[in-house]
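Q: Please take a close look at one residue in this model, and then set it beside the overall form of the other chain described here.

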Amino acid sequence: MDLNSIQTQIEGDLAKIVSLPVLEEVRVKYLGRKGLIAELTGSIPGLPVEQRGILGKQVNALKNKLLGLLEEKEKTLKTKDSVLKKSNLDVGMPGIAQELGHIHPITQIIDEICTIFNRMGFSVVQGPEVETEYNNFTGLNIPLEHPSRDAFDTFYLKDYSKLLLRSHTSPVQVRAMKTQKPPLAIVVPGRVYRPDAVDASHLFMFHQIEGFLVDKNIRFSDLKGILELFAQSVFGQDIRMRFRPHFFPFTEPSAEVDISCIICKGRGCSVCGRKGWLEILGAGMIHPNVFTQVGYEHKIYTGFAFGMGVERIAMLKYGVNDIRLFFENDLRFLRQF
Amino acid sequence: MKVTYSWLKNFVDIKISPQELAEKLTMAGLEVVALEKTEEDFVLEIEVTSNRPDWLSVLGIAREVSVITGSKLKTVNFQEPKIKPKDLWPIKISVSNKQDCPFYSARVICDLRVGPSPKWLKDRLESLGCRSVNNIVDITNYCLFELGQPLHTFDLDKLSQKEIRVRRANADEKIITIDGVTRLLGPEILVIADTHKPVAIAGIMGGKETEVTLSTRNILLESAVFNPVLVRRAKQKLGLQSESAYRFERGVDLEAVRNASLAAQELILKLASGKPSGFASLGASKLIHPVINLDVAYLNKLLGTAIPVLKVKQILNRLGLHVKTKTRNILTVKVPGFRQDLKLPVDLVEEVARIYGYAQIPQTLPAVKPGRKVLDKRDSICGIKNILSGLGLYEVITYSLVDRDLLKKSGINTDAGLIEILNPLSKEQEVLRPALFPSLIRALAHNLDQQQERVSIFEIANVFSGQVNAVAEEPLLGIALCGVNAFFTKQGLVRDEITLLHLKGILETLFNRLGVKGFDFARQEDNKINIIINQKQVGFMLDLTPQILGAFDIKNRQVALAQVNLEKLFDGINLGKKFLHIPKYPAITRDISFAINEDIPVKGLLVAIEAKGAPLLDQAKIVDYYQGKQIPDGFRGLTISCIYRVDSRTLTEEEIASVHNDICSLLEERFGIKLRIA
């Protein structure tokens, strides 16, 4: 029998083995004291001298090969056995993991909105919460003694004349335009303050996101396009949008922007006051007087601006019915976001 | 502003339903916020923006209805009646400053009968929420709502010398207004006076003494224009709101003043008889009508539309503007008195867009030129929030405005240096906060009240401090921890009370993750621990004192608190990464366990070990500690791992044996430690 066919036979035997005792039998059959290898080794002294060396080497190689195959098979069988062992794990027991914390829902909404505008090429800029009367009003074409100011009731500081808590994020428009040349594509998130009586939908502090784009040839149609992209990104692609004419001193033409009610899909429900529409932001083309205030040539540049209340968006998106919940910081509330 | 469907129909034929009308008005910028059905009519409540005083009347809204429905507006121009000379009453008017009162007119009606109003008049006023008083007062209110011109009637016989003087009030002058309140006036307030005393606060409210009552026989009917800013200031100073003031501060149409006066007279003669007995006025009754040139190409460029010139012209015409074609694309637009809001070409663009329909304007996307992205503070703050929430902390947002009591309870001196709010609505808005932690303690206490076992919260927000003529805003990170971390292990639940060391661990992880090098924690005399980065203090951490815990009603709990100045932390942030090769040669680790007097700071110990073990010792670190059974009181059981490794080769046992012995001797000799297992 030549050694090659022996090896083939051994490999065949090994392939059939399914348990450790049978493996042991095969091991004895080939490697035992009376096994095939011992028999072959025993036959060597009877051979002609010139053949002894050759066969000795070949038998040795076969023995090593066989040892390797047996070891490998043993490993395979052992692992197979352990896998087959029945587990006593009850997967109904609680999983073990490090508990994560939570980022405030308002921060999450701000981040989400900023990311959407980042993708469209807008940069995020922030400004101070204590502002000058000029940046908050005059620079934005809001006359100090006109009823248009009533919409921007403002906290003033006692020992600092002309300083106030910004009542909107729009002063950052003035700041940005006074320090940078167009084109500008900016969004501004931040805290704003208004002396409003507190109830389920009003607070004296809340968050706004302001956005503005200034360049040559920016059109009202661009504002419509950008805002629809935004609304559908936040509320889903089935959202419809409508622009209603409105008045803001710092934009002309101005609009209030509604989305179709996300609760009733526009059929009318208690959330939208049976109107089917939800107001989510104010917007318009930046007023030429604002450009004049910041030193931009309004014959060359046009731009749009928009602003929205972050709490309002969060309340609509998450179905929160009382704005005060955002600032009570109850962990049972925060844990849901 | 409320109007009724039937009242509008007096001025314009409406063929659409009230619901459809409401929808159309809303989409033209007159948002109908409520549509209410009454017995025989519909009441539309319209939110009128502050730029459109002309919409504060039924006529004004009817004009808009005619524009959007295409029906013609029906208006009446009244004529001055002929008065027999014997009935003519001499009226004396003086206006001290034309700026204060550009136009004043007075009309006298004699021998009238004051009494209740007829039902139709009462009903109309009541549907707008206006209480009926008597026929004369009701007629002036009716004209105000219908035409937008506030009117006032005086009992002529109660005016001393039957004279009208429009002047500023003197200091300390007083008036009792028709609501019965005595009001202190002053030189910034414009009044209508007779020869003796103020009889009305101009444009805001009349005086009690001269009001029209059931016994009134002769009246003086005022129809005038007052300076809007003056009316606004007076109204704010007196804290007095009225339908008149609301319209005057927004601006009334000077050219409609006389017609309103005539309309009121017509109704008075009809409902209260009487005879017209004279009219006098002071000031210009005509305006210069501004002319605006509108380039239709500019209009279409700004809107992103292609509205034909003809269409633009048609819309402007329907709005009551006088339009002429100057060149092919340029229109010359003359603005009537009731549209003083129109000043610039862009104002006309809005008018055209509004009537053309915002919905008809297409949607396009602009070519945004994105700026270069640089990592800024906001990115760092986002990063910090992510790391902290990953460590199990909850982000909170608390008010920047706080009450003094909260600060006092937190141990902050409130006597000086605080930035006060001039006009807070409540005590909770007294001051801008100088620190974050008081609000955090309050949020924490709230949650403990709600039976939360673990409260780990943080906030990133600005705090405020006063400078010379300026206010500094400083972003801070505040962390507050309290309660028990309960978590599962394979052996079951482990409950771990949160301490300052947990807080330190959070800060270390945060700093390491932000690439901050050279940070340290140093205990102060007062148990406060300074947080230090590159030898500079960036914040502190501490356990709340029993006094503060008591003030917040926190019982049987420890609260660990940290406050970090973010600007200073930002200086230490280094997000640049540099790869260090993974050690090629294995390390040999030797543990040393012993008990050490707890007064000996372990940091000194580790520094000494590392100095002694250099250069073969790569690192010495605490891998276990224990206090309790088997460890004497005042001692702490410690296990320190000494990790020996060099970059050039595999160390042998023999090489490290002598170094390790040196370290053990050092511990025994310098720190007096008896080694448990060497």
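**A residue in chain B**

A: In this predicted model, B:Asn530 is buried, because its relative accessible area of 11% falls under the 20% that serves as the cut-off for that term. The residue belongs to strand E26, which covers residues 529-533 of chain B. Its side chain is joined to that of B:Gln537 by a polar contact of 3.2 Å, and B:Gln537 also appears among the residues that B:Asn530 touches once its neighbours within four places in sequence are set aside. The others in that set are B:Asp520, B:Phe521, B:Ala522 and B:Gln524, which come before B:Asn530 in the numbering, together with B:Gly539 and B:Phe540, which come after it.

Turning to chain A, the model gives this chain twelve helices and nine strands. Its radius of gyration is 39 Å, whereas a compact globule of 337 residues would have one near 20 Å, and its C-alpha atoms fill a box of roughly 125 × 50 × 45 Å along the principal axes. Even so, 53% of the 337 residues of chain A count as buried, and among its contacts with a separation of 6 or more, 65% are between residues 24 or more positions apart. The accessible surface of the chain comes to about 15,900 Å², with carbon and sulfur atoms making up 52% of that area. As for charge, chain A carries 41 positive and 38 negative charges, and the mean positions of these two groups lie 5 Å apart.

Key
Residues numbered from 1 in each chain as written. Chains lettered and ligands numbered in written order. Predicted model: local features only at pLDDT ≥ 70, side-chain atom pairs only at ≥ 80, totals over all residues. Heavy atoms only, no water. Helix = DSSP H or I, 4+ residues; strand = E, 2+ residues; numbered from the N terminus. Rg over C-alpha atoms; globule rule 2.2 N^0.38 Å. Buried < 20%, exposed > 50% of the residue type's maximum accessible area, 1.4 Å probe, protein only. Contact = heavy atoms within 4.5 Å. Areas by Shrake-Rupley, 256 points an atom, 1.4 Å probe, with all protein chains shown as cover. Lys, Arg positive; Asp, Glu negative; His and termini not counted. Charge placed at Lys NZ, Arg CZ, Asp CG, Glu CD. Polar contact = N/O pair within 3.5 Å; in protein donor to acceptor, adjacent residues only side chain to side chain.
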